[in-house]
Amino acid sequence: MNPSLAMLPKQKGKRILVVDDEPRMIGFIRMNLELEDHLVIEAHSGLDALDAIRTQLPDLVLLDVMMPELDGFETLRMLREFSDIPVIMLTAKGEENDKVQGLELGADDYITKPFGPRELSSRIKAIFRRLEKPSTEEAILAIDDRLSVDFNRREVIVAGERIKLRPTEYRLLYHLIRNAGWTVPHDQLLQKVWGYEYRDEAHYVRLYVNYLRDKIEADPANPQYIITERGVGYRFADFRK
């Protein structure tokens, strides 16, 4: 090995793409991320961001909503056509409709401007916690003749067809199945799947339950696996009877 290469500090953090048309915002984010040993990649437009994701393979994207030409929502829509990379939306708007729109397009989280370094760090750490695979004793668990779950691959098998889950969908399904037959309250799901700091974000659970139902239920409007207990939470049907 080249001695000069051996002396270089090893990158401890992640490769994070920051997409914003405001240089001062990128500078603020870069300074704080580099303090935590992350490698920051910059993009100043949606098209530049799409190119950077393909060529530089970041681990996470911080994506501003309000950009000229190609806004964050349209960038995210195009991104999700070829990548499942985690995305945190950056928005100056606190309106729930904007937050929900981002989540429905495939964002993993959002931060409302202005935000501080601690909130930014907390949200990023929460994303990477969700990417970790919960351990389970059973690699493939048969729910019934139609549905089984491959925990190693983060896939569900529906009528013989494998369907890949996004990390957050997988963690939510994992915790529901672990408690099959029992109602899991909204706040408990939020803490287990997203983290303690998300305990008041009930709409996250609703959206991701809908995503799961679309993938595993024969009729998502009349679910047989993930049952809503109104005002309390959700219950996965007891398949171990």
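A cavity is taken here as a set of grid points where a 1.4 Å probe fits but cannot get out, and its lining residues have an atom within 4 Å of a point. In this predicted model, the largest cavity is lined by V65, F73, M89, T91, D98, K99, G102 and Y110. A search of the whole structure finds one cavity of 30 Å³ or more, and the space in the largest cavity is about 40 Å³. By class, four of the lining residues are nonpolar, two are polar and two are charged. Strand β4 (87-91) and helix α5 (96-104) each supply at least two residues of this lining. Helix α5 gives the most, with three residues.

M89, a lining residue of the largest cavity, also belongs to the largest nonpolar core, which holds 58 residues. Within that core, L17, M89, I143, L173, I177, I226 and F236 touch the most other members. The largest share of the core, eight residues, comes from helix α9 (residues 202-216). When neighbours within four places in sequence are set aside, the contacts of L173 are V149, V156, L165, L212, I216 and F236. Another core, of 17 residues, lies apart from the largest nonpolar core, and its members include I16, I26, L62 and F115.

Aromatic pairs were examined next. The count comes to nine aromatic pairs. In one of the pairs, the rings of Y110 and Y204 have their centres 5.9 Å apart and their planes at 25°; because planes under 30 degrees apart count as stacked, this pair is stacked. Y110 lies in strand β5 (residues 109-112) and Y204 in helix α9, so the pair ties together parts that are 94 residues apart in sequence. Both Y110 and Y204 are buried. Y204 also forms an aromatic pair with Y198, at 5.7 Å centre to centre and with 75° between the planes, and this pair is edge-to-face. Y198, like Y204, is buried. Ring pairs link Y110, W194, Y198, Y204, Y208 and Y211 into a cluster. Y110 is in addition one of the residues that line the largest cavity.

A237 is found in the segment after β12 (233-236). With a relative accessibility of 21%, A237 counts as partly exposed, because the limit for a buried residue is under 20%. Not counting residues up to four places away in sequence, A237 touches A180, G181, Q224 and Y225. The C-alpha atoms of A237 and G181 are separated by 5.4 Å, although the two residues are 56 residues apart along the chain.

Backbone geometry was also examined. Most residues other than glycine have a negative phi, and most peptide bonds are trans. The peptide bond from K113 to P114 is cis, with omega near -5°. P114 is found in the loop between β5 and α6 (117-131). E69 is not a glycine but has a positive phi of about 65°. The position of E69 is in the loop between β3 (60-64) and α4 (72-79), and at 84% relative accessibility E69 counts as exposed. A positive phi of about 50° is likewise found at A159, which is not a glycine. A159 lies in the loop between β8 (155-158) and β9 (161-164) and is exposed, with a relative accessible area of 63%.

Notes. Residues numbered from 1 in each chain as written. Predicted model: local features only at pLDDT ≥ 70, side-chain atom pairs only at ≥ 80, totals over all residues. Heavy atoms only, no water. 1 Å grid on protein atoms, 1.4 Å probe; cavity = no way out; pocket = protein on both sides within 12 Å on 5 of 7 lines; lining within 4 Å. Points joined across faces, edges and corners; volume = space filled by probe spheres on them. Helix = DSSP H or I, 4+ residues; strand = E, 2+ residues; numbered from the N terminus. Nonpolar A, V, L, I, M, F, W, Y, C, P; charged D, E, K, R; others polar. Core = buried A, V, L, I, M, F, W, Y, C linked by side-chain atoms within 4.5 Å. Buried < 20%, exposed > 50% of the residue type's maximum accessible area, 1.4 Å probe, protein only. Contact = heavy atoms within 4.5 Å. Phe/Tyr/Trp six-rings, centres within 6.5 Å; stacked < 30°, edge-to-face > 60°.
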